[in-house]
Amino acid sequence: MTSARRKAAETMEFTDVVIEVLDARLPEASCNPMITELRLHRQRPCLKILNKADLADPEVTRAWLNHFNRQPGVKAVALSCKNANDAARVPNLCQPLAPHRDSTHKPLRMMIMGIPNVGKSTLMNMLLKRRVASVGDEPAVTKSQQSHKLNDHMTVTDSPGLLWPKIENPEDGLMLATIHAIGRNAVNEEEVAEFLAATLLARYPGLLAARFGFAEAGMDGVDVIEAIARKRGCLQKGRGGEPDLEKAAMILLTEYRSGKLGRISLEVPGTQTAHLAGEQPD
Ligand SMILES: Nc1nc2c(ncn2[C@@H]2O[C@H](COP(=O)(O)OP(=O)(O)O)[C@@H](O)[C@H]2O)c(=O)[nH]1
Ligand SMILES: [Mg+2]
């Protein structure tokens with residue numbers, strides 16, 4: 001058992017509600033099955049926060065909420081925890097999941113969990129209205145695990161240790177890298193950008209053409225990166241004006257991650273593979 005897992009299992013015993021922070025653009029692949037396993041073992045209810053909802057496709061997010069809200073012991077909600085009003089809703093969404101824990105004697109004990117870069121620290125700081133956890137766009141480590149008092153009948157605990165995403169297939173890995181839940185050293189950014197480009201061509205036709213000003217008909221992911229390099233003038237110095245694909249790849253990823261490309265979800269409930277392949281789910 002890894003130490004992160006062991007710590008999470010220990011804290012679970014003294015937790016009433018698990019707050020699982022997910023990325024709304026990728027709610028299934030950003031879910032760590034270990035969290036589900038640990039909480040089901042202790043029969044703990046869960047508030048699933050589809051965070052960064054401001055970056056996700058609202059229609060797809062609605063479908064995910066329906067999907068998760070059918071699961072027993074789960075309440076799912078789409079939020080942008082960067083927004084103070086959204087974050088402030090969280091304690092009241094947790095309370096009905098453990099109605100017996102609502103007093104000084106028996107405070108509601110919430111634990112925030114999730115893979116890197118989904119917004120756990122942002123939520124924690126918003127709830128406590130002060131900076132207790134460092135926020136960054138880089139996947140970072142929350143080192144210490146601390147319980148903080150929200151009021152006289154509620155406490156919230158930081159994620160105990162780092163729970164890396166569980167990567168079941170290469171496509172999950174590419175999607176996780178796209179939202180930057182996997183670090184820069186672990187992946188080839190050009191490959192990630194090509195994957196994103198191919199996804200956008202398939203699911204949001206016309207979007208790349210409108211943003212970068214090229215005709216996307218007949219293009220594949222690699223062609224898109226080359227076209228972005230040309231359109232944005234990314235050329236390699238001293239190499240006869242060859243397109244700088246690495247730079248173009250970073251432009252696409254950065255614009256996606258910051259929301260400049262629009263509100264774009266990377267997976268849809270249950271039909272991920274079929275949908276991306278342009279087939280009808282059966
Ligand atoms: N657009 C958007 N960005 C967010 C939101 N919540 C957090 N972020 C950003 O996501 C990045 C990772 O946040 P952080 O709280 O450090 O994630 P953690 O690794 O899970 O603790 C930071 O750049 C945050 O500003 C949100 O609701 N919307
Ligand atoms: Mg953090």
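At what angle do helix α8 and helix α10 pack, and how far apart are their axes? In this predicted model, helix α8, which covers residues 189-203, packs against helix α10, residues 221-231, at an angle of about 105°, and their axes are 7 Å apart. Angles of 65 to 115 degrees count as roughly perpendicular, and α8 and α10 are therefore described as roughly perpendicular to each other. On the α8 side, the residues that take part are E190, A193, E194, F195, A197, A198 and L201, and on the α10 side they meet G221, V222, V224 and I225. If we divide the residues of this contact by character, we find eight nonpolar, one polar and two charged.

Let me stay with α8 and turn to its other partner in this talk, helix α7. The axes of α7 and α8 come within 9 Å and cross at roughly 95°, so that this pair, too, is roughly perpendicular. From α7 the contact draws on L174, A177 and T178, while α8 supplies V192, F195 and L196. The division here is five nonpolar, one polar and no charged. You may notice that F195 of α8 appears in the contact with α10 and again in the contact with α7.

Between α7, residues 170-178, and α8 there is a loop, and H180 is found in it. For H180, phi is near 70°, which is a positive value in a residue other than glycine. As background, most residues other than glycine have a negative phi. Is H180 buried or exposed? It counts as buried, because 21 other C-beta atoms lie within 10 Å of its own, where the cut-off for a buried residue is 20 or more.

A second residue with this backbone feature is K129, which is not a glycine and yet has a positive phi of about 55°. K129 is found in the loop between α6 and β5, the latter being residues 147-151. Its surroundings are another matter, since K129 has 11 C-beta neighbours inside 10 Å and therefore counts as exposed.

That brings me to helix α6 and the ligand. Around ligand 1 there are 19 residues, and the closest are S80, G119, K120, S121 and T122. Helix α6, residues 120-128, gives the largest share of this shell, namely three residues. By character, the shell divides into six nonpolar, eight polar and five charged residues.

Of the closest residues, I would like to look at K120, whose place is in helix α6. K120 counts as buried because it has 24 C-beta neighbours inside 10 Å. Leaving aside residues up to four places away in sequence, K120 touches V21, I112, G114 and S159. By contrast, E28 is 92 residues from K120 along the chain, and the C-alpha atoms of the two are separated by 17 Å.

One of those contacts, I112, leads to my last topic, strand β4, since I112 is the bridge partner in β4 of I19. Strand β4 runs over residues 108-113 and is mostly covered, with five of its six residues buried. Strand β1, residues 17-23, pairs with β4 in the parallel sense over four bridges. Strand β6, residues 154-157, is likewise joined to β4 by four bridges, and these two strands run parallel. Within that pairing, L108 stands opposite M154 in β6.

Terms used
Residues numbered from 1 in each chain as written. Chains lettered and ligands numbered in written order. Predicted model: local features only at pLDDT ≥ 70, side-chain atom pairs only at ≥ 80, totals over all residues. Axes fitted to C-alpha atoms, helices over the stretch in contact; angles between N-to-C directions. Parallel < 35°, antiparallel > 145°, perpendicular 65-115°, else oblique. Contact = placed C-beta atoms within 7 Å. Nonpolar A, V, L, I, M, F, W, Y, C, P; charged D, E, K, R; others polar. Near = placed C-beta within 6 Å. Buried ≥ 20, exposed ≤ 12 C-beta atoms within 10 Å, placed from the backbone. Pairing = 2+ DSSP bridges.
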